[in-house]
Amino acid sequence: MIMKALFIFLFSVTFNLIYSQNGKDTSFTVQSEYKKQLKKYPQIKIAIPQQNPLVLEQKDIVYYTTENRSLHLDAYIFKANEKRSAVVMLHGGGWKSGDKSMMQPFAEKIASYGYHCFAIEYRLSDEAQYPAGIEDVRKAITYIKNNAEKFGVDVNKIAILGQFYE
């Protein structure tokens, strides 16, 4: 019995290390959250990204480089000639799991209503200690403000939207 439990434990640890991204915490994913919420909301479906011809998508823009790596954001820009409000989007995962790609369907939808959305990558707690993730968010906002002309952002109208993780 103990050997079986030890085998299951070692298998699950090995599986998670091999199939997670560089040993990162993958406890919060679209699939895991779907499975959890399906019990409470049996009618739900996973949102599928749907490109809109009115939204320009720019992926993996480097907004800051730390001593170890580059941090990226994905921009979803509503095609318009005037400056627009921006929404900086933070994925869920309690600062320890998740990634910016989880925000794609939501960002596309919000951008289709005339906003510019920026889904940002930030360092998670397994990579850097608090408050590194918050500092990364500030750097992303600074990057967006510094590139407001390029993106067509009204720097006086920037909001932050976060995804809840329980």
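## Core and sheet of a predicted model

In this predicted model, the largest nonpolar core holds 21 residues, of which L73, F118, I120 and F151 touch the most other members. Two or more residues each are given to this core by β1, β2, β3, β4, α4 and α5 (148-151). Helix α4 supplies the largest share, five residues.

I120 can be followed further. Apart from neighbours within four places in sequence, I120 is in contact with H72, L73, V88, M89, L90, H91, K100, V137 and A140. There is also a second, separate core of ten residues, with V55, M89, A111 and C117 among them.

The sheet is open and has five strands in the order β1-β2-β4-β3-β5, with mixed pairing. Strands β1 and β5 are the edges, and each pairs on one side only. From one strand to the next, the twist averages 25 degrees. Helix α4 packs on this sheet and touches β1, β2, β3, β4 and β5. The direction of α4 makes about 120 degrees with that of β1.

The residue ranges of the strands are as follows.

| Strand | Residues |
|---|---|
| β1 | residues 55-65 |
| β2 | residues 70-78 |
| β3 | residues 84-90 |
| β4 | residues 116-120 |
| β5 | residues 153-162 |

Helix α4 covers residues 132-146.

In general, strands of a sheet pair through backbone hydrogen bonds, in either a parallel or an antiparallel sense. Here β2 and β4 pair in the antiparallel sense, over four bridges. Within this part of the sheet, D74 has A119 of β4 as its bridge partner.

Terms used. Residues are numbered from 1 along each chain as its sequence is written. This is a predicted model: local features need pLDDT of at least 70, side-chain atom pairs count only at pLDDT 80 or more; totals for chains, interfaces and linings use all residues. Side-chain values use heavy atoms; hydrogens and water are left out. Two strands pair if DSSP finds at least two bridges between them. Axes are lines fitted to C-alpha atoms, for helices over the stretch in contact, and angles run from 0 to 180 degrees between N-to-C directions. Contact means heavy atoms within 4.5 Å. A nonpolar core is a set of buried Ala, Val, Leu, Ile, Met, Phe, Trp, Tyr and Cys residues joined through side-chain atoms within 4.5 Å. Buried means under 20% relative accessible area, exposed over 50%, partly exposed in between (1.4 Å probe, protein chains only).
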